Amino acid sequence: MIEVREKKDYRLVTNEMRLEFAAVSDNESFARMAVSAFIAPLNPTLEELSDVKTAVSEAVTNAIIHGYGNRGCITDRVQMNCELKGDILQVEIIDRGVGIEDVDRAMQPLFTTRPEWERSGMGFAFMEAFMDDLEVVSSPEQGTLVRMYKKIGLGGWIVSEE
Amino acid sequence: MEEDFKVIDNYLMIRMPEEIDHHNSVDISQRADRYIVSKKVGNVVFDFERTTFMDSSGVGIILGRYRKISCFGGKVYAVNAGNRIRRLLLLSGLENIVELIEK
């Protein structure tokens, strides 16, 4: 099992939420909306909002179609943990699916294990491009944890500097 | 959904939905392929006027159609692509594959 709840220092945490939903494709938009609502109080720019939504969409889609093989089983679960430390957002997307044997290779642009599904192979590349930092922990038959960070509200800071 | 697909001469026009993700991308690809085969269209035009969200699944739709038609000399076009969609296309290296059309 991938260890998620390590001992945590809550002193800097300003907000937190945990979601668990069935690994079906209808929940891709649900996950995007949930994370948007979660960061709304930080007044993100439209661009930041799109960045976070795209990255979450990629990670959740990966969990559903690669982690659980796109089988649409209602008891397969994807977990989404969001946490704010001030204006730093941390999102974790966790599945208990097949896992990734070679994470470095999976993260290469255009790499896909499912060419027949017409995936673009850009999932991890988009997560990397749109978030500030990305970590992937995975082991075969155990599942995958994707952890992403992004500073929110940079738009407001730029405006006030001017 | 069916009214979002229109054949004009040798072009299949597809009005893309508000949100393009894995959930609806499979359906769009399959419908498009049915038109490409049954109406024998050579080119595909994606209209992003309504689209407010797209992830890499949208890139997959475009790339997949391109592969289907390019061997017969067909082209893929994008109209009404905003900054966001242009950026996604650029990041995926699709700028040489998709021709952007300004209205």
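This report describes the sheet of chain B, the helices that lie across it, the contact between chains A and B, and one buried helix of chain A in a predicted model.

**The sheet of chain B**

In chain B, five strands build an open sheet of mixed pairing, ordered β1-β2-β4-β6-β7. Its edges are β1 (5-8) and β7 (98-101) of chain B, each of which pairs on one side only. On average, neighbouring strands are turned by 25° against each other, direction ignored. Strand β6 (residues 76-79) of chain B runs parallel to β7(B), and four bridges join the two. B:Ala78 has B:Leu100 in β7(B) as its bridge partner.

**Helices across the sheet**

Two helices of chain B lie across strands of this chain, as the table sets out.

| Helix | Residues | Strands crossed | Angle |
|---|---|---|---|
| α1(B) | 22-38 | β1, β2 and β4 of chain B | about 160° to β2(B) |
| α2(B) | 56-70 | β4, β6 and β7 of chain B | about 165° to β4(B) |

Helix α1(B) has 17 residues and spans 25 Å from its first C-alpha to its last, close to the 24 Å expected at 1.5 Å a residue. Its buried residues are B:His22, B:Asn24, B:Ser25, B:Ile28, B:Ala32 and B:Ile36. Viewed down the axis of α1(B), these buried residues fall within an arc of 145°, so they line one face of the helix. An α-helix has 3.6 residues a turn, so residues three or four places apart point the same way. On the other side of α1(B), the exposed residues are B:Asp27, B:Gln30, B:Arg34, B:Val37 and B:Ser38. The cover over the buried residues of α1(B) includes elements of both chains: α1 (27-39) and α2 of chain A, together with β2, β3 (19-20), β4 and α2 of chain B. Just after this helix, B:Lys40 adopts a positive phi of about 55°.

**Contact between the chains**

Contact between the chains involves 16 residues of chain B and 19 residues of chain A. On the chain B side, α1, α2 and α3 (83-91) each supply at least two residues. The largest share, six residues, comes from α2(B). By character, the chain B side comprises four nonpolar, eight polar and four charged residues.

**A buried helix of chain A**

Helix α4 (residues 123-130) of chain A is largely enclosed by the rest of the structure, because six of its eight residues are buried. These are A:Gly123, A:Phe124, A:Ala125, A:Phe126, A:Met127 and A:Phe130. Within chain A, the buried residues of α4(A) pack against α2 (46-67), α3 (103-106), β4 (133-139) and β5 (143-151). From chain B, α2 and α3 also pack against them.

Technical notes. Residues numbered from 1 in each chain as written. Chains lettered and ligands numbered in written order. Predicted model: local features only at pLDDT ≥ 70, side-chain atom pairs only at ≥ 80, totals over all residues. Pairing = 2+ DSSP bridges. Axes fitted to C-alpha atoms, helices over the stretch in contact; angles between N-to-C directions. Contact = placed C-beta atoms within 7 Å. Nonpolar A, V, L, I, M, F, W, Y, C, P; charged D, E, K, R; others polar. Buried ≥ 20, exposed ≤ 12 C-beta atoms within 10 Å, placed from the backbone. Expected span 1.5 Å × (residues − 1). Arc of directions from axis to C-beta.
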